[in-house]
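Open your viewer and get ready to click along. We will go from one whole chain to a single sheet, and then to the place where two chains touch.

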Amino acid sequence: MPSHTFTLNGKRITVEAEDDVRLLWVLRDLLGVTGPKYGCGLGVCQACTSHLNGKAFNPCSVPVAKITPDDEITTIEGLPATVGKDLHPMQEAWLDLDVAQCGYCQPGQIMTAVAKVRQAAAEGREVTDADLDQIRNICRCGTYSRIREAIKAGAKNM
Amino acid sequence: MAEPSRSSRNPQSVPEGVGRRRVLAYLLAAPTLAVGVRFGLDAVDGPAAEAAVPSPPQPEDLFDLGDLQNLAAAPTSGLITVQVHSDGTASFAVPRAEVGQGMTTAVAMMVAEELDLPLEKVRVSLADARPELLMNQLTGGSNSMRSSYLPVRTAAAVARERLVATAAAQWGVAASELTTRDGVVAYGTRKQATYGSLAEAAASARVLPAATRPRLKKPSEFTVLGTSRNRIDALDAVTGRKRFGMDHQVPGAKPAMVRRPPTLNGTVEAVHNTDAVRQMPGITDVVPLRHGVAVRGETFGQCIDALRALEVTWGPGTVDGESDETVLRKLRAAALPMVVPPLLTKKIDAEFTFAFASNSPLEPDNAIADVRADRAEIWASLKVPIVAQREIADRLGLPQHAVTVHVVEGGGSFGRHLFHDVAAEAAEISQKTGKPVKLSWSRTDTFRQGRTHPMSLSRVRATYALGQVLSYEQRHTSAQTDFGHGLGEMITSTAAKLPVAGNLSFAETIFELTQSSPYDFGVTTQLLNEVPLGFNTGSMRNIYSPNVTCARELIVDQLASRMGKDPVAFRRGFLKDERLRAVLDKAVEVGNWGRSLPAGMAQGIGLHAEYRGAVATLVEIDCRPETVNRKIRDAVTGPRVTKALMVVDAGFAINPRGLEAQMAGCLNDALALALTSSLHIKDGIPLEGSWDEYFYTRQWNTPPELRVVVMPSTSDKPSGAGELGVAPAFAAVACAYARATGTLPTRFPINHDTLSFEPLPLEPSTPQSPTDGLDRAF
């Protein structure tokens, strides 16, 4: 079976898996990293959103063979370490505003939020309501308003 | 209704003191202090006095669904237990499901309050199926807070008094000299002992009835209950540590998925390539089921590959000939007649249709099962675990006690987890393969083969003359809703005690216990008729109320308009529920009712009372072309609610911050029901297969401004709140849309007649995952 080497949450790892197995299942079923959630497997719901070299992506839609040894993958479990703290400012904002209801979408929401704020910052601006309207992550509990508030609050401390 | 009595305009205070009810408490034999109480004795409100009002009381006014559940729970013998541990924490296993509504946080607050223990030292877990609790282990009907409020507090208060008595004995002082605070018993400044240090000494060697009835705190003494607290599971949720069904690691339990038929409940006639599929990479097993073929393998991805490769001949399903149009025809044919003849009066007649909707949570249906020859163990999010345990045992051929059912945290429910079909399927696959399995339905399975809130038709006739509404008749006709998950049994066991006459079906009983009109509209009747059709149906958040209330409030606006009155002024004139009047007045004030808006925008108001709570929703909608036609990839945009206000009277709000969250969720569900989300049934199956086809509210639909106002307490007891806001919000959005467009919308959601997507193929039943995810990284 092919083996795949990459950096996952700051650690170099090697895993054996068929080339076409989507990264989500490599993370969840083979490596036991369960922060990224399965919500559709279609790149729609965004519950599995994680970061590849700092950019938000859906592991459900990427065959593991497309990940190269130079790639750094960060899941919700590895997000705090990217800022050298116990919690990322976006997670702190989430706690302050008590955003989560069932919590199933929240890892993906937070990973999307961090990428959105970085994307705006790279363009030299703050996140706007128009940016927030473009976020595709489903929250079936409907805590969208608190998500919007938390992104704005978290952005201030990033 | 909000009011348990008919004393609407002259509310009499019904004595609510704890002296009126008794919760038996026991000290249990355990290594550290453990107090057990009977569960569910709370809040069995007596029927209230009759009062003369123009509209005679409807059954829901006297006795509602939550009361029914409380009554059903009353004679059960099972105890729930609060335990104090040597580390100074307290624990409680709640016989309910947590599916995101903050129930565990609220229950922890009850324990913390009466035990005088910091909230962070209370651990709440979900109890396994406990058959001895009978029907008292059902999460539904927004009943959890109402049924646990008195028993849980009683157990905690007994524990606190026992800790005090233990310290008093050790120190040789009177218990009355001691105080408790933050998990410490103190004798002034002279002596202190932590609960942890007393927990063993306070334990009982045998089961004893608690010596005295504990003193519960008065609301004026509360420091935890009634204050806003964050969720106790929030840190786990934001760090990815919170474990949902498929996150649990059970030795040997490997992924399993099912190839499903192209019509609802189709059967397997033949599988043509079992051996070849079993040889595919990672696959360990292929087994036929009644309604599908299961595959088990190393990863879910390989299960998807395998189920897609299966060649299956399918037998017919249960609704192969049915589509939206055929169902609607049957509903129209079954609608009950109106009885008030519109003689010499003016009248409004209207018919509203509400499309099929999916109660799918974001977490796809799943369960873990480990079935052995003589026993089985199940892990699943189940709201009625006892029924699941019994029926799974039957199907496996095992005695009930040989099946252990663990209730795990659910990633939403909205009614779905009342059913245990997924857990039963996992058990069947484990039994047939002889191996433990982690079964997950695919997203497409959940929409196409999962539970639906069935299509319904609501006809309303109102007659009016001389400024009075003389009659209000509503005939609600629905494809049958499946209540075969325990609530039906609860009704059977309590039928003789319910204030509904005759031989009503389960569904009719629930309808009569949940629906009532809050207006003095003269002769008022609301009746349900259901048509059995063979769909996989079930309750969805707030069951019948959203559709019934939406139709009613639209007609109320029409009546106001016919009589030349403002919608708010008209409602004020006819409301018979003081708590609804209060939330309406607050909404009008805070939401600035009547403010001027550009053409194409309008405000809408919706009112609803249920579960002994009351809500007014005021929204502003933008139906201008530039908004309606805004473009977002693969999205339904359409009219946008730009501002929303929910004013809620939940009796006593245990955790206002949690209540606000529930109201926000209710509003977003309502937006979906009114504007965007439905299932299209075609030739025996829903066409929707993903979240870009079933258009639940997204960020581009949600209002940029949402405000929730929690009214000051109107009771010493909590009402149900998890579903309370869906109906009024749905009504408010519909009324706002009607006013903004100058039309009367009669088909919901308003976009249902336009199919806004290209349906995924019906076969294979689960689509392949994309491979281009890196192209969309940002």
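Helices (H or I, at least four residues) and strands (E, at least two) are DSSP runs, numbered from the N terminus. Keep in mind that this is a predicted model.

**Stop 1: all of chain B.** Select chain B and colour it by secondary structure: there are 20 helices and 31 strands to find. Of its 778 residues, 60% count as buried. Chain B also brings distant parts of its sequence together: among contacts between residues at least 6 apart in sequence, 82% join residues at least 24 apart.

**Stop 2: a sheet in chain B.** Now select the six strands that form an open sheet, in the order β5-β4-β3-β2-β1-β9 (chain B). Their pairing is mixed. Look for the edge strands, β5 (122-126) and β9 (208-209) of chain B, each of which pairs on one side only.

**Stop 3: one pair of strands.** Zoom in on β2 (residues 34-38) and β3 (residues 79-84) of chain B, which are antiparallel and share five bridges. Which residue of β3(B) is the bridge partner of V37(B)? Click on I80(B) to see this partner.

**Stop 4: a helix across the sheet.** Add helix α4 (residues 144-171) of chain B, which lies across β1 (25-27), β2, β3 and β4 (90-94) of chain B. Helix α4(B) runs at about 150° to β2(B).

**Stop 5: where the chains meet.** Finally, show chain A as well: 58 residues of chain A are in contact with 63 residues of chain B. Select α3(A), which gives five residues, the largest share of the side of chain A that touches chain B. The residues of that side divide into 30 nonpolar, 17 polar and 11 charged.

How values were computed:
Residues are numbered from 1 along each chain as its sequence is written. Chains are lettered from A and ligands numbered from 1 in the order in which they are written. This is a predicted model: local features need pLDDT of at least 70, side-chain atom pairs count only at pLDDT 80 or more; totals for chains, interfaces and linings use all residues. Two strands pair if DSSP finds at least two bridges between them. Two residues are in contact if their C-beta atoms, placed from the backbone, lie within 7 Å. Axes are lines fitted to C-alpha atoms, for helices over the stretch in contact, and angles run from 0 to 180 degrees between N-to-C directions. Ala, Val, Leu, Ile, Met, Phe, Trp, Tyr, Cys and Pro count as nonpolar, Asp, Glu, Lys and Arg as charged, and the others, Gly among them, as polar. A residue is buried if 20 or more other C-beta atoms lie within 10 Å of its own, exposed if 12 or fewer, and partly exposed in between; C-beta atoms are placed from the backbone.
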